[in-house]
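Open the model in your viewer, set a cartoon representation for the backbone, and keep the side chains ready to be switched on as each stop of this tour asks for them.

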Amino acid sequence: MTTSTGPQQETAKLRRGFGWLAALGVILVVAGLVGLVYTGVATLTSMLLFGWLLLIGGAVGLLHAVQARGTNFFWLGVIVAALNIAAGVVVIRKPDESAAALTMFAALLFLTAGLFRLVGSLVVRGPQFGWTLLLGAFDLLLGILVLGNWPSSSQYVIGTFFSLALLFDGLGLLATGYGGRRIVGMVSERLTSGDTESGGETERGGGSDDGRPAGAGDEADEGAVKPVRPE
């Protein structure tokens, strides 16, 4: 039986790829759980990360704007890049104040979204009336709680949201990696069993058309007695 190494190599690559996804998922899940325990550290870490992303994005945007000088969007690109750089510097230098401002903004967003969902569900009364009403009430209650405890809530709100995002992303990657490795293993087993069955049928198919083994007909013909013709 001859087996090509190409499909086996591709299967091994796929299994390694899904394995890396599962490993990354485990790391994100662990980071999310640690962040939920130490919400203050998670808030500070997320704000510093956010500031550095703004700073790097502003520098890259400024570089693109300089490369595109002479066009109509040059000054717009420069202004947007400068604002990103300035916001990044402020967030990095004062992460606590930035977290408080971002928490206030998140609370206002929750309040606005909750009010719109409540009013919309009561006015439209569509097929998802109950779910929309429940989500609107939840957003409104969350916004009131965050805004009522502000600015002390800024020490854990951003970190909690950041940790929950890491946790759910990690669970998604873990499920994808584990499920992908399982599917690849099942497909590989099917292909291997199919090659084995086809090879066995080929080896058993070496007989003649009338069901006799190869060469048996010739030996029988040679050993047969030829009839004697009458004189």
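**The nonpolar core**

Begin by selecting M47, L54, V91, A99 and I158 and showing their side chains, since these 5 residues form the largest nonpolar core of what is a predicted model. Centre the view on I158 next: leaving aside its neighbours within four places in sequence, I158 is in contact with T43, S46, M47, A99, L102 and T103, and M47 and A99 are themselves members of that core.

**Along helix α2**

Now select residues 39–67, which make up helix α2 with its 29 residues. If you place a distance label from the first C-alpha of helix α2 to the last, the span comes to 42 Å, close to the 42 Å expected at 1.5 Å a residue. Then colour A42, T43, S46, M47, G51, L54, G58 and A65, which are buried in α2; of these, T43, S46 and M47 are already familiar as contacts of I158. While looking down the helix axis, bear in mind that an α-helix has 3.6 residues a turn, so residues three or four places apart point the same way.

**An aromatic pair**

Which rings should be selected next? The count comes to 1 aromatic pair, and the rings of F110 and F161 have their centres 5.8 Å apart with their planes at 65°, so the pair is edge-to-face, the angle being over the 60 degrees required. F110 sits in helix α4 (residues 95–124) and F161 in helix α6 (residues 157–204), so that the pair links distant parts of the chain, 51 residues apart. With a relative accessible area of 33%, F161 is partly exposed.

**D139 in helix α5**

Keep F110 on display and add D139, which lies in helix α5 (residues 129–148). Is D139 buried or exposed? D139 counts as buried, because its relative accessibility of 9% falls under the 20% cut-off. Apart from neighbours within four places in sequence, the contacts of D139 are F110, L111, A113, G114 and R117.

**The whole chain**

Finally, zoom out and colour by secondary structure: the chain has 7 helices and 0 strands, following the pattern α-α-α-α-α-α-α along the sequence. Of its 231 residues, 22% count as buried. Switching to a surface, you are looking at about 16,400 Å² exposed by the chain, with carbon and sulfur atoms supplying 68% of it. Among contacts between residues at least 6 apart in sequence, 77% join residues at least 24 apart, and the pairing of F110 with F161, 51 residues apart, is a link between distant parts of the chain to return to.

How values were computed
Residues are numbered from 1 along each chain as its sequence is written. This is a predicted model: local features need pLDDT of at least 70, side-chain atom pairs count only at pLDDT 80 or more; totals for chains, interfaces and linings use all residues. Side-chain values use heavy atoms; hydrogens and water are left out. Helices (H or I, at least four residues) and strands (E, at least two) are DSSP runs, numbered from the N terminus. The expected span of a helix is 1.5 Å times one less than its number of residues. Buried means under 20% relative accessible area, exposed over 50%, partly exposed in between (1.4 Å probe, protein chains only). Rings of Phe, Tyr and Trp (its six-membered ring) pair if their centres lie within 6.5 Å; planes under 30 degrees apart count as stacked, over 60 as edge-to-face and the rest as tilted. Contact means heavy atoms within 4.5 Å. Accessible areas come from the Shrake-Rupley method with a 1.4 Å probe; for residues, only the protein chains shown count as cover. A nonpolar core is a set of buried Ala, Val, Leu, Ile, Met, Phe, Trp, Tyr and Cys residues joined through side-chain atoms within 4.5 Å.
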